[in-house]
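Biologist: Please take one part of this structure and go through it closely. I would like to know how its aromatic rings are arranged and what surrounds them.

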Amino acid sequence: MLNARRGQITDCWAIEIVIKQSTTPEVKQLLIQNTDRAFDEGAFGLPWLTCTNAEGKTEGFWGVDHFGQAIVFLGLDKGTNKGWRAVL
């Protein structure tokens, strides 16, 4: 588990579980499906967001500097949290 206060991983058994599960055929197949879907949707970098708004319109956004555009597209409230200023 990640200890948020210290930023350290403290439970090695959790790491082992995640690593073990990440190599299963089911997870590998899911990764392939998600990668294929991303390419089909036009993804060309990470992070890639595919958003569908309340009007049913879908648009892709690439990069953390476009989070603000995705928020506007989705009609979400930006709020007053100044921590988002850089991306909004």
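Modeller: W62 is a place to begin: with a relative accessible area of 37%, this residue is partly exposed. The model is a predicted one, and the values here are computed from it. W62 belongs to strand β4, residues 58-62. Strand β4 runs antiparallel to β3, and five bridges join the two. One of these contacts concerns W62 directly, since W62 in β4 is the bridge partner of W48.

The hairpin made by β3 and β4 has five residues between its strands, and G56 in this hairpin takes a positive phi near 85°.

Now to the rings. Searching the whole structure gives three aromatic pairs. In one of them, F44 and W48 meet edge-to-face, with 5.6 Å from centre to centre and 65° between the planes. That angle counts as edge-to-face because it is over 60 degrees. F44 also pairs with W62, and this pair is tilted, at 5.0 Å centre to centre and 45° between the planes. F44 sits in the loop between α2 (25-40) and β3 (48-52) while W62 is in β4, so their pair ties together parts 18 residues apart in sequence.

Taken together, ring pairs link F44, W48 and W62 into a cluster. Its members vary in exposure. F44 is exposed, with a relative accessible area of 59%. W48 has a relative accessibility of 18% and counts as buried, because the cut-off for buried is under 20%. W62, at 37%, is partly exposed.

Conventions:
Residues are numbered from 1 along each chain as its sequence is written. This is a predicted model: local features need pLDDT of at least 70, side-chain atom pairs count only at pLDDT 80 or more; totals for chains, interfaces and linings use all residues. Side-chain values use heavy atoms; hydrogens and water are left out. Rings of Phe, Tyr and Trp (its six-membered ring) pair if their centres lie within 6.5 Å; planes under 30 degrees apart count as stacked, over 60 as edge-to-face and the rest as tilted. Buried means under 20% relative accessible area, exposed over 50%, partly exposed in between (1.4 Å probe, protein chains only). Helices (H or I, at least four residues) and strands (E, at least two) are DSSP runs, numbered from the N terminus. Two strands pair if DSSP finds at least two bridges between them.
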